[in-house]
Amino acid sequence: MSTGGAFGGNRGFRPVPPEKGVFPLDHMHECDLEKKEYVSCLKTSGHNAEKCRRFSKMYLECRMA
């Protein structure tokens with residue numbers, strides 16, 4: 001009998017989220033400017049993420065810093 005589920009997962013195991021997450025929430029609003037620029041670009045481009053890639057990159061770099 002196999003203990004793993006479909007695709008190698010364990011069916012009885014409930015995942016627990018990381019303590020702080022991969023990207024912690026921006027409680028201090030350090031990246032608000034980058035976020036606003038990205039959202040503004042999405043709105044003006046008809047939600048075409050490809051056209052706003054540079055703003056997305058700046059926002060993610062800010063979040064990782």
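Histidine 29 sits in the segment before α1, and in this predicted model its backbone does something a little out of the ordinary. Most residues other than glycine have a negative phi. Histidine 29, though not a glycine, has a positive phi, near 55 degrees. Its side of the story is also an open one: histidine 29 counts as exposed, because its relative accessibility of 51% falls over the 50% cut-off.

Further along the chain, a second histidine turns up with a phi of positive sign. Histidine 47 has a phi of about 60 degrees, again without being a glycine. This residue belongs to the loop between α1 and α2. Histidine 47 has a relative accessible area of 61%, so it is exposed as well.

The loop between α1 and α2 also holds alanine 49. Here the picture is a bit more mixed: alanine 49 has a relative accessible area of 42%, which means that it is partly exposed. Leaving aside residues up to four places away in sequence, alanine 49 touches Tyr38 and Leu42. Tyrosine 38 lies 11 residues from alanine 49 along the chain, and the C-alpha atoms of the two are 9.1 Å apart.

Now for the helices themselves. The protein chain has 2 helices and 0 strands. Helix α1 covers residues 32-44 and helix α2 covers residues 53-64. Their axes come within 9 Å of each other and cross at roughly 155 degrees. Since angles over 145 degrees count as roughly antiparallel, α1 is therefore roughly antiparallel to α2. As for handedness, the crossing of α1 past α2 is left-handed.

On the α1 side, the contact is made by Glu34, Lys35, Glu37, Tyr38 and Cys41. On the α2 side, the partners are Phe55, Ser56, Met58, Tyr59 and Cys62. Sorted by character, the residues of this contact come out as 6 nonpolar, 1 polar and 3 charged. Tyr38 thus appears twice in the account, as part of the contact with α2 and as a residue touched by alanine 49.

Stepping back to the whole chain, buried residues make up 15% of its 65 residues. The accessible surface adds up to about 6000 Å², and carbon and sulfur atoms own 58% of that. Among contacts with a separation of 6 or more, 45% link residues that are 24 or more positions apart.

Note on methods:
Residues are numbered from 1 along each chain as its sequence is written. This is a predicted model: local features need pLDDT of at least 70, side-chain atom pairs count only at pLDDT 80 or more; totals for chains, interfaces and linings use all residues. Side-chain values use heavy atoms; hydrogens and water are left out. Axes are lines fitted to C-alpha atoms, for helices over the stretch in contact, and angles run from 0 to 180 degrees between N-to-C directions. Helices (H or I, at least four residues) and strands (E, at least two) are DSSP runs, numbered from the N terminus. Angles under 35 degrees count as roughly parallel, over 145 as roughly antiparallel, 65 to 115 as roughly perpendicular and the rest as oblique. A crossing is left-handed if the near helix is turned anticlockwise from the far one by less than a right angle, and right-handed if clockwise. Contact means heavy atoms within 4.5 Å. Ala, Val, Leu, Ile, Met, Phe, Trp, Tyr, Cys and Pro count as nonpolar, Asp, Glu, Lys and Arg as charged, and the others, Gly among them, as polar. Buried means under 20% relative accessible area, exposed over 50%, partly exposed in between (1.4 Å probe, protein chains only). Accessible areas come from the Shrake-Rupley method with a 1.4 Å probe; for residues, only the protein chains shown count as cover.
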